[in-house]
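Colleague: Before accepting the terms used for this model, I should like to see each one justified. Could we take them one at a time?

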Amino acid sequence: MRTGLTKKQKTTVIYFDEHSRMIEVQTHNTDLKKRLTAFATKHPQCCRQTDDDEQGGLTFEIEKGRLSFRLTAPYSEERRRAASEWANCNLSIKPVNTQESKLASRGASRKSTDTS
């Protein structure tokens, strides 16, 4: 959607205070708008869309306990190395035996020619 706004102008703002039980989220972020719209549709008692600014931005009200922030600390070099080693040992793709694959493909091609 073309809005005439620059990327810098397409913001996400989250308002909340210690008194209110609701959080207000104003966003232009497409993924967040989709997620909030789906959540509001599925859980209207907890979340609702309150505004559409006609420039691609939507505003939602959400119960305070329904929104969370996740902060992720950077991995240490040691943890990064351990994760890499674990992935190499446990997630590596095993080479296919080329002789077995040739025989399997020959058998498949024979079956396709036998049925025609």
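Modeller: Let us begin with strand 1 (residues 12–15) and strand 2, which run antiparallel and are joined by four bridges. The model is a predicted one.

Colleague: What makes strand 1 and strand 2 a pair?

Modeller: Pairing requires at least two bridges found by DSSP. Four bridges join strand 1 to strand 2, so the requirement of at least two is met. One of the bridge partnerships is that of Tyr-15 with Glu-24 in strand 2. The two strands form a hairpin, with six residues between them.

Colleague: Where do these strands stand in the order of elements along the protein chain?

Modeller: The order from the N terminus is β-β-α-β-β-α-α. In total, the protein chain has three helices and four strands.

Colleague: Why is His-28 called buried?

Modeller: The relative accessible area of His-28 is 15%, and buried means under 20%; His-28 therefore counts as buried. His-28 lies in the loop between strand 2 (22–27) and helix 1. Leaving aside neighbours within four places in sequence, His-28 is in contact with residues including Leu-5, Thr-12, Lys-33 and Gln-55.

Colleague: What makes the pair of His-28 and Asp-53 a polar contact?

Modeller: The side chains of His-28 and Asp-53 are 3.4 Å apart in this contact. The cut-off for a pair of N or O atoms is within 3.5 Å, with one able to donate a hydrogen and the other to accept it. The value of 3.4 Å therefore falls within the cut-off.

Colleague: How do you know that Glu-63 is buried?

Modeller: Glu-63, found in strand 4 (residues 58–63), has a relative accessible area of 18%. Since buried means under 20%, Glu-63 qualifies. The side chain of Glu-63 makes a polar contact with the side chain of Arg-21 at 3.5 Å. Not counting residues up to four places away in sequence, Glu-63 also touches Met-22, Gln-45 and Cys-46.

Colleague: What share of the protein chain counts as buried?

Modeller: Of its 116 residues, 15% count as buried.

Colleague: Which kinds of residue line the largest pocket?

Modeller: The lining divides into seven nonpolar, one polar and two charged residues. Among the lining residues are Ile-14, Phe-39, Arg-66 and Ser-68. Ser-68 is counted as polar because serine is not listed with the nonpolar or charged residues. Helix 1 (residues 30–42) supplies the largest share, four residues. The volume of the largest pocket is about 240 Å³.

Key
Residues numbered from 1 in each chain as written. Predicted model: local features only at pLDDT ≥ 70, side-chain atom pairs only at ≥ 80, totals over all residues. Heavy atoms only, no water. 1 Å grid on protein atoms, 1.4 Å probe; cavity = no way out; pocket = protein on both sides within 12 Å on 5 of 7 lines; lining within 4 Å. Points joined across faces, edges and corners; volume = space filled by probe spheres on them. Buried < 20%, exposed > 50% of the residue type's maximum accessible area, 1.4 Å probe, protein only. Contact = heavy atoms within 4.5 Å.
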